[in-house]
Amino acid sequence: MAEVRMRNLAKTYPGGSTPATDDVSLDVEDGEFMVLLGPSGCGKTTLLRMVAGLELPDEGQVVIGSRDVTYLPPRDRNLSMVFQSYAVFPHKKVRANIAFGLRMRGVDKAQVARKVDWAAELLQLAPFLDRFPSQLSGGQRQRVAVARAIVMDADVLLMDEPLSNLDALLRLSFRAELKRLVGEIGTTTLYVTHDQVEALSLGDRVAVMRDGRIMQCDNPISVYDVPTSEFVGGFLGSPPMNFLSGTLAGTNGVTQVELGSDQSLPAPQRLAEFRGRPVRIGVRAEAIGVSREPGDGAARCVVEVFEPLGASVLITATLAGQLIKVQAPASFRAEPGDELWLDLKQDSLRWYDPDSGVALIAA
Ligand code: ATP
């Protein structure tokens, strides 16, 4: 096992007008599960491929353990890879598929058999070892690809959207299996996905990327709860974080934010220095309290859309002329036109600069 250090990695493809990755530095610790998350085209795969040795950076360095591997071919990096397409050999049985890399390496037969049995056990493939891939489901085939990768005892496991060819239900169960598996084998893992739920579920840390750069890298709870930019808050979550526009105001010891239509909310005193300036307030739909009665400091809103979602209900409402989504308990009922009162709790509000989209204060 080993840590992976990416240093100032820059890459622009021939003919590309903007960099695919732009001065990216990221450390993945020994045994850590790091997820690269971001919208299509943000540079996740390019970064992974530079670690794999499948792309060369224009600038920067990749260090695995104590070795600078930037210009080493993939086979000399001691990595295992799993890709979106199952990439199993159709004419080989499951056992031979899993054993393939070890055989190529000249590992002796008894040890190959031991490792194959170990991986098959971990991935619940034991009953299928003598089948051909065509006799397996998509999920089982992808498990074969994962088994083939983990038997190699690589320093680092690289996975690029390994679950995206699976249907929704299978994805859910395989996600949990993968988490258990990687936890058990403890290999340093770099995992690419554009699925935020997958990223939050699997990662020890999640690096959220945009336009070839890392916007935020932190544990899943923090990137979700304390996004350092509007982009991250808006990318994570379903529904995404709400953003309301307002103006910071106040006198003496009281700071507040005016939302228009005579509505205002208390704001933290730490924002006093920004009084007179516009601000964007971020708040998660499930962090908002909702009531039919006006409570102390509650903000009035009018329901636009009511959506029962099974485990909860989603209310889209207008607050001071701005749309806001509120997640309420499944038993809550409302109809378009109803007046409701929202409790926007201070400690769940995040404050952003409207121009840069960056947090004004640390939460
Ligand atoms: P996705 O989730 O869609 O796979 P990604 O975040 O993995 O996207 P990359 O595949 O790394 O993004 O692509 C980053 C940028 O580099 C994109 O603008 C893409 O069009 C460009 N790009 C990727 N591969 C090549 C290539 N072989 N030649 C030219 N441009 C490329």
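Biologist: How far is an oxygen atom of the ligand from an N or O atom in the side chain of Thr-45?
Modeller: This is a predicted model, where local features need pLDDT of at least 70 and side-chain atom pairs count only at pLDDT 80 or more, while totals for chains, interfaces and linings use all residues. Residues are numbered from 1 along each chain as its sequence is written, and side-chain values use heavy atoms, without hydrogens and water. The Thr-45 pair is a polar contact (N or O atoms within 3.5 Å). Its distance is 2.7 Å.

Biologist: Which residue has a polar backbone atom 2.8 Å from an oxygen atom of the ligand?
Modeller: Backbone atoms of two residues come into play here. Cys-42 has a polar backbone atom 3.0 Å from a ligand oxygen. The 2.8 Å distance belongs to Gly-41.

Biologist: How much of the ligand's accessible area does the protein cover?
Modeller: Accessible area comes from the Shrake-Rupley method with a 1.4 Å probe. On its own, the ligand has 630 Å². The protein covers 55%.

Biologist: Which charged residue sits in the shell around the ligand?
Modeller: The shell takes residues with a heavy atom within 4 Å. By class it has four nonpolar, five polar and one charged residues. Asp, Glu, Lys and Arg count as charged, and Gly as polar. Among the residues around the ligand, the charged one is Lys-44.

Biologist: Which element gives the largest share of the lining of the largest pocket?
Modeller: A pocket is an open set of points on a 1 Å grid over the protein atoms alone, where a 1.4 Å probe fits, with protein on both sides within 12 Å along at least five of seven lines; lining residues have an atom within 4 Å of a point. The largest pocket holds about 500 Å³, and of its 20 lining residues the closest to the centre include Leu-79, Ser-80 and Met-152. Helix H2 (94-104) and helix H4 (138-150) each supply at least two lining residues. The largest share, four residues, comes from strand S6.

Biologist: How many nonpolar residues line the second largest pocket?
Modeller: This pocket has about 180 Å³ of space. Arg-270 and Arg-350 are among the residues closest to its centre. Its lining has two polar and three charged residues, and the nonpolar ones number ten.

Biologist: Which residue forms an aromatic pair with Phe-243?
Modeller: Rings pair if their centres lie within 6.5 Å, and planes over 60 degrees apart count as edge-to-face. This edge-to-face pair has 5.8 Å between centres and 70 degrees between planes. Phe-243 lies in strand S11, and the partner, 109 residues apart, lies in strand S20. That partner is Tyr-352.

Note on methods. Grid points are joined across faces, edges and corners, and a volume is the space filled by probe spheres set on the points. A polar contact is a pair of N or O atoms within 3.5 Å; within protein, one must be able to donate a hydrogen and the other to accept it, and residues adjacent in sequence count only if both atoms are side-chain atoms. Rings of Phe, Tyr and Trp (its six-membered ring) pair if their centres lie within 6.5 Å; planes under 30 degrees apart count as stacked, over 60 as edge-to-face and the rest as tilted.
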